[in-house]
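Reader: I've got a fresh model on my screen and a pile of labels I'd like explained. Can we go through what earns each one?

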Amino acid sequence: MMMNFDSWANEILQREQMVGLVVFDEACSIVHVNAKAEELFGKESQELIGQHINILYDEEYHSDHLYSIRRVSRLASEKNPSDEFRMKGRKANGYVFPADVWLSRKMEGDALFFAELILDKSQEAILEKGFTENTNKLNAIINSAADGIITLDAQGNIETVNPTAAGLFGYKQRELYGKNFQELVHPNDSQSEGENEILLSYEPGVSIPSSREILCKTQSGDEVPVKLSVGVVHLPDRKMFTCILHDLTEMKAVEAKLKSYAQDLERSNRDLEEFAYVSSHDLQEPLRKIRAFGDRLKVKEEANLSETGVDYLDRMNNAAKRMQKLINDLLKFSRVGSRKGTFKEVDLNQIVQEVMMDLEYAIEKENATIELGEMPVIYSDPILIQQLFQNLISNALKFRKPDVDPLIQIKAEAVASGKKGKLKNVHLSVKDNGIGFNQKYVDKIFTIFQRLEGQKYDGSGVGLAICKKIAELHGGGISAKGELGHGAEFNVTIPVKMKEV
């Protein structure tokens, strides 16, 4: 008796195109195998025909399989008795794979036959395993995240919450499920009022405030400053919102401390500048008397003094002179710090020309050459900028090499930034061919009263400290590079435009 088993398979399960078909008789002997089943189990049909049906499956399923066959066999009253179950198939090479099996029976005359349609679920199992692993990883990441993470439905009700978010608000996780997000917003935060309305009014293509600071409250009513980042997730049947909550408590505390420190430092600097000004001013009067009486003593009594006495008198007058210069420089330094500059557009060409006129005698005396490049217009305090250039040029004239005429090169370069190439800073350079300095002392030369050459050169060690202060008051900075015997270069960076201070 010949049967068209493939036709039977199509009749049983027409929707399946890639399933293995195995037909066996009442004694469980295989009588037919289709090409897909051969491929599925890795055996030719002649190897399988006559074998027991359980040869295709892993041993742990043999008993259950036989039970299912007997059960279907007894369902003679039903038109198309069948059963469905999951088993593990075994290939010829021993590889075991998950399979969905659909078992049915059919009478052909007096003979009873069974058909099993077998669908390999290996790929699906791999995908399920990968999905499960990824889900577990994602849950682990979310649960261990340093920031709070919650999801809300379209009405603003909490659907999921991680441990960090629960701890942030002082709740257990289960206590937050179903709670409306607005209940977590502190009433003192007027900016967050109507937070749910913002979410509920969301429409595709319309942006919502994705990140902002809000004030939340704990279960006990305490305030918690939070940075809230919101994202919208579109599901097939609805939308939901993902909220990331970053606790700003520590940052706000640090900001408050920094603000307090800045205020204390500003007050301390003001007190120090005022002290320096008052002290220097008060020292002027007794110093003037010392110099005045010293000059009178030399004019009227020099003839009556010994050679040693005259020497002592000259030393006293010179010391008083140096002291007066030091006090005047200290006054200049304190005035720079306390000055509230009048910022305006300043042509540096004009500023440098005025400085060169003021230093005309010193320039001629030292037979110095000044090479001046084209200077830009910047937004600055003209008095302070003039003092900056005067100090730098005077410094170059002072620290010249013996028997070498000074050469001072002054240049400026505008530096652009950003995609549009907008001018941001101006780099000013004052370079000389003087005695230079050891680069390892570069940090010291801008410190007040620091003099690398000791008493060899006249000065108080305040000039470069004033330059540093002027550059910083303009929102910029100053640096230097030098080499002993090969000159020095001072570079000043100043913003093209800044707000008045």
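Author: Sure. Let's start with surface: accessible areas here come from the Shrake-Rupley method with a 1.4 Å probe. On that basis the chain exposes about 29700 Å², and carbon and sulfur atoms supply 51% of it. Keep in mind that this is a predicted model.

Reader: How much of the chain counts as buried?

Author: Of its 501 residues, 38% do. The cut-off for buried is under 20% relative accessible area.

Reader: Then what makes F24 buried or exposed?

Author: Its relative accessible area is 0%. The bar is under 20%, so the residue is buried. F114 comes in at 1% and therefore counts as buried by that cut-off too.

Reader: How many aromatic pairs are there?

Author: Rings pair if their centres lie within 6.5 Å, and by this rule the count comes to 5 aromatic pairs.

Reader: Why is the pair of F24 and F114 called stacked?

Author: Check the two numbers. The centres are 5.4 Å apart, and the planes make 15°. A pair needs centres within 6.5 Å and stacking needs planes under 30 degrees apart, so F24 and F114 qualify on both.

Reader: What makes it a link between distant parts of the chain?

Author: F24 lies in strand β1 (residues 20-25) and F114 in strand β5 (residues 111-120), so the pair ties together parts that are 90 residues apart in sequence.

Reader: And why is the pair of F446 and F490 edge-to-face?

Author: The ring centres sit 6.2 Å apart, within the 6.5 Å limit, and the planes stand at 85°, which is over 60, so edge-to-face is the right label. This pair also links distant parts: F446 is in the loop between β15 (422-432) and α14 (463-473), while F490 is in strand β17 (residues 488-495), 44 residues away in sequence. Both residues are buried.

Reader: Which aromatic residues form a cluster?

Author: F41, Y57 and F97 make up one aromatic cluster.

Reader: What makes you say that a charge sits over the ring of F97?

Author: The charged end of K91 is 5.0 Å from the ring centre. The distance cut-off is within 6 Å, so K91 passes that part of the test. R296 lies over the face of F293 in a similar way, at 5.3 Å from the ring centre.

Reader: Back to β1 and β5. How do you know that they are paired?

Author: By their bridges: 6 of them join β1 to β5, and the two strands run antiparallel. Pairing takes at least two, so the strands qualify. For one spot to look at, V23 stands opposite A115 in β5.

Reader: Where do they sit in their sheet?

Author: The sheet is open, has 5 strands and follows the order β2-β1-β5-β4-β3, with antiparallel pairing. β2 (30-33) and β3 (82-90) are called edge strands: each pairs on one side only. On average, neighbouring strands are turned by 30° against each other, direction ignored.

Reader: What lies across this sheet?

Author: Helix α4 (residues 62-74) lies across β1, β3, β4 (96-108) and β5, running at about 155° to β3.

Reader: Why are β7 and β8 called edge strands in the other sheet?

Author: That open sheet has 5 strands in the order β7-β6-β10-β9-β8, again with antiparallel pairing. β7 and β8 (211-217) each have a single partner strand, so one side of each is left without a neighbour in the sheet. Neighbouring strands are turned by 35° on average, direction ignored.

Reader: How do you know which strands β6 pairs with?

Author: Count bridges again: 3 join β6 (residues 148-152) to β7 (residues 158-161), and 5 join β6 to β10 (residues 239-247). Two is the minimum, so both pairings hold. I150 has V161 as its bridge partner in β7 and stands opposite C243 in β10. β6 and β7 form a hairpin with 5 residues between them, and G156 in the turn has a positive phi of about 85°.

Reader: Last one: what makes I466 buried or exposed?

Author: I466, in helix α14, has 2% relative accessibility, under the 20% bar, so it counts as buried. Other buried residues of α14 include L464 and C467.

Notes: Residues numbered from 1 in each chain as written. Predicted model: local features only at pLDDT ≥ 70, side-chain atom pairs only at ≥ 80, totals over all residues. Heavy atoms only, no water. Phe/Tyr/Trp six-rings, centres within 6.5 Å; stacked < 30°, edge-to-face > 60°. Helix = DSSP H or I, 4+ residues; strand = E, 2+ residues; numbered from the N terminus. Buried < 20%, exposed > 50% of the residue type's maximum accessible area, 1.4 Å probe, protein only. Lys NZ or Arg CZ within 6 Å of the ring centre and 35° of its normal. Axes fitted to C-alpha atoms, helices over the stretch in contact; angles between N-to-C directions. Contact = heavy atoms within 4.5 Å.
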